[in-house]
Amino acid sequence: MRRISRITVAGAATASLALALSACGGTSTSSGSDDGDDTKGLAIAYDVGGKGDQSFNDAAYAGLEKAQKEFGYETADIEPTDGETNADKEQRLVSLAKQGYNPVVGVGYAYAAPLKAAAERYPDTTFGIVDDATIEAKNVADLVYNEEQASYLAGVAAAKSTKTKTVGFVGGVDNPLIHKFQAGYEQGVKETDPKVKVVAQYLTQTAEEGGFASPDKGKTAAEGQIEKKADVVYAAAGLSGQGVIEAAAANKVWAIGVDSDQYKQEALAKYKDSILTSATKDVASAVYSLAKSVEDGKPETGIVRGDLKSGEVGLSNSNPKFADDAELQAAIKTAKEKIISGEIKVKSS
């Protein structure tokens, strides 16, 4: 990865964070220091769905918590607002940088244009963006993943677990990022068992329509696929995936979670026995590592990619029924080894 020389923390704020961001979404701050200093570290701005999505926003917050505990500095995390514009997002990021937070991370590809603009205005602050690789700047880290690789393994799990020979895929928003999840999943299913049919549906065309933040839409989509005999349903839909998992549990079929290990999510505890596995990406680690690189004086910049080889994408093993299935685990292990070696080339579209 590309690195640059030490980037210093921007100057301390002249107004409180709450006042500066009053028009930019809800804010929470925490400090690990008891000596009253104003050292400010990692700040994150959430994507649609916000904290509590049991998915990648929550994973980003876990990375922030780890950094706050280890480095003992002040952190901040900010919720999105309904109907916000790119200008709103840019102002949110600029406000954080102005107050001295470093690094500042936008969670989600929707921050691409606003974050690029904010990074140009604050060249001495390190910025990070999750799920976007389009920004080329000396002070920006593009935190991206080979989601299609984890999704391929999810497809193997689905093909090995279905009894009806029909499985489902629910995408939150019809865009290139979620196409990666679908492409890998369908390839994993078909190369494991060509007789298995994949039923796919996207919830919305744009994020503004609620594709990543509407459990009711996810539930309805999953119920439709279950009516078509799908007995394993994989959701790449953020908070909307909660509805998919709820529908799977109600109909006694398998759900496959996404981004975080959803079997372990407190909010989904009553459905966990229906969560076969989750296709994970370690957003928490990426966010924490960026914070650590700044703290160490060697900020990450450029493309920072997580894949199966690095261990930053994969399948969770929390459900004992999944972990203890020797035949299933052997199939996943074989597929993983072939992907890492290059024998299997996973499609991303």
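**Entry 1: a charge over a ring**

I began at Y288 in this predicted model. I found that K66 lies over the face of Y288, at 4.2 Å from the ring centre. I then looked up a second arrangement of this kind, in which K51 lies over the face of Y61, with 4.0 Å to the ring centre.

**Entry 2: the ring partner of Y288**

I next searched for aromatic pairs and noted a count of 6. One of them joins F71 and Y288, and I recorded this pair as stacked, with 6.0 Å from centre to centre and 5° between the planes. The label follows from the angle, because planes under 30 degrees apart count as stacked. I located F71 in helix α2 (residues 56-71) and Y288 in helix α9 (residues 283-295), so the pair ties together parts that are 217 residues apart in sequence.

Are the two residues buried or exposed? F71 has a relative accessibility of 19% and counts as buried. I noted that this value falls under the 20% limit for a buried residue. Y288 is buried as well, with a relative accessible area of 9%.

**Entry 3: a second ring pair and its cluster**

I then turned to F169 and Y185, which form a tilted aromatic pair. Their centres are 6.1 Å apart, and the angle between the planes is 35°. F169 belongs to strand β8 (residues 166-173) and Y185 to helix α6 (residues 176-192), with the two positions 16 residues apart in the sense of being that far apart along the chain. For burial I wrote down 0% relative accessibility for F169, which is buried, and 0% for Y185, which also counts as buried.

Which residues make up the cluster linked by ring pairs? I listed F169, Y185, Y202 and Y234.

**Entry 4: the surroundings of I178**

I stayed with helix α6, since I178 is also placed there. I178 is buried, and its relative accessible area is 3%. Leaving aside residues up to four places away in sequence, I found that I178 touches F169, G171, G172, V173, Y202, F212 and A236. Two of these names, F169 and Y202, were already in my notes as members of the ring cluster. I178 and Y202 stand 24 residues apart in sequence, and their C-alpha atoms are 9.2 Å apart in space.

**Entry 5: the sheet**

In what order do the 6 strands of the open sheet follow one another? I read the order as β9-β8-β10-β11-β12-β14, with mixed pairing. At the edges I found β9 (197-204) and β14 (313-315); each has a single partner strand, so one side of each is left without a neighbour in the sheet. Neighbouring strands of the sheet are turned against each other by 15° on average, with direction ignored.

I reminded myself that strands of a sheet pair through backbone hydrogen bonds, either parallel or antiparallel. I then followed the join at one edge, where strand β12 (residues 275-281) and β14 run antiparallel and are connected by 3 bridges. In β14, V313 is the bridge partner of K281.

**Entry 6: backbone angles in the loops**

I recalled that most residues other than glycine have a negative phi, and that most peptide bonds are trans. I therefore looked for departures from both patterns.

For the peptide bonds, I noted that the bond between N102 and P103 is cis, with an omega of about 5°. P103 sits in the loop between α3 (86-98) and β5 (104-107).

For phi, I noted K229, which is not a glycine but has a positive value of about 85°. K229 is in the loop between α7 (215-227) and β10 (232-236), and its relative accessibility of 57% makes it exposed. K252 is not a glycine either, and its phi is positive at about 55°. I found K252 in the loop between α8 (241-250) and β11 (254-259), where it counts as exposed at 77% relative accessibility.

**Entry 7: the protein as a whole**

I closed with the totals. The protein has 11 helices and 14 strands. Of its 349 residues, 56% count as buried. The accessible surface comes to about 14,600 Å², and carbon and sulfur atoms hold 47% of that area.

How much of the contact total comes from residues 24 or more positions apart? Among contacts with a separation of 6 or more, I noted a share of 71% for such residues.

Key:
Residues are numbered from 1 along each chain as its sequence is written. This is a predicted model: local features need pLDDT of at least 70, side-chain atom pairs count only at pLDDT 80 or more; totals for chains, interfaces and linings use all residues. Side-chain values use heavy atoms; hydrogens and water are left out. Helices (H or I, at least four residues) and strands (E, at least two) are DSSP runs, numbered from the N terminus. Buried means under 20% relative accessible area, exposed over 50%, partly exposed in between (1.4 Å probe, protein chains only). Contact means heavy atoms within 4.5 Å. Accessible areas come from the Shrake-Rupley method with a 1.4 Å probe; for residues, only the protein chains shown count as cover. Two strands pair if DSSP finds at least two bridges between them. Axes are lines fitted to C-alpha atoms, for helices over the stretch in contact, and angles run from 0 to 180 degrees between N-to-C directions. Rings of Phe, Tyr and Trp (its six-membered ring) pair if their centres lie within 6.5 Å; planes under 30 degrees apart count as stacked, over 60 as edge-to-face and the rest as tilted. A charge sits over a ring if NZ of Lys or CZ of Arg is within 6 Å of the ring centre and within 35 degrees of the ring normal.
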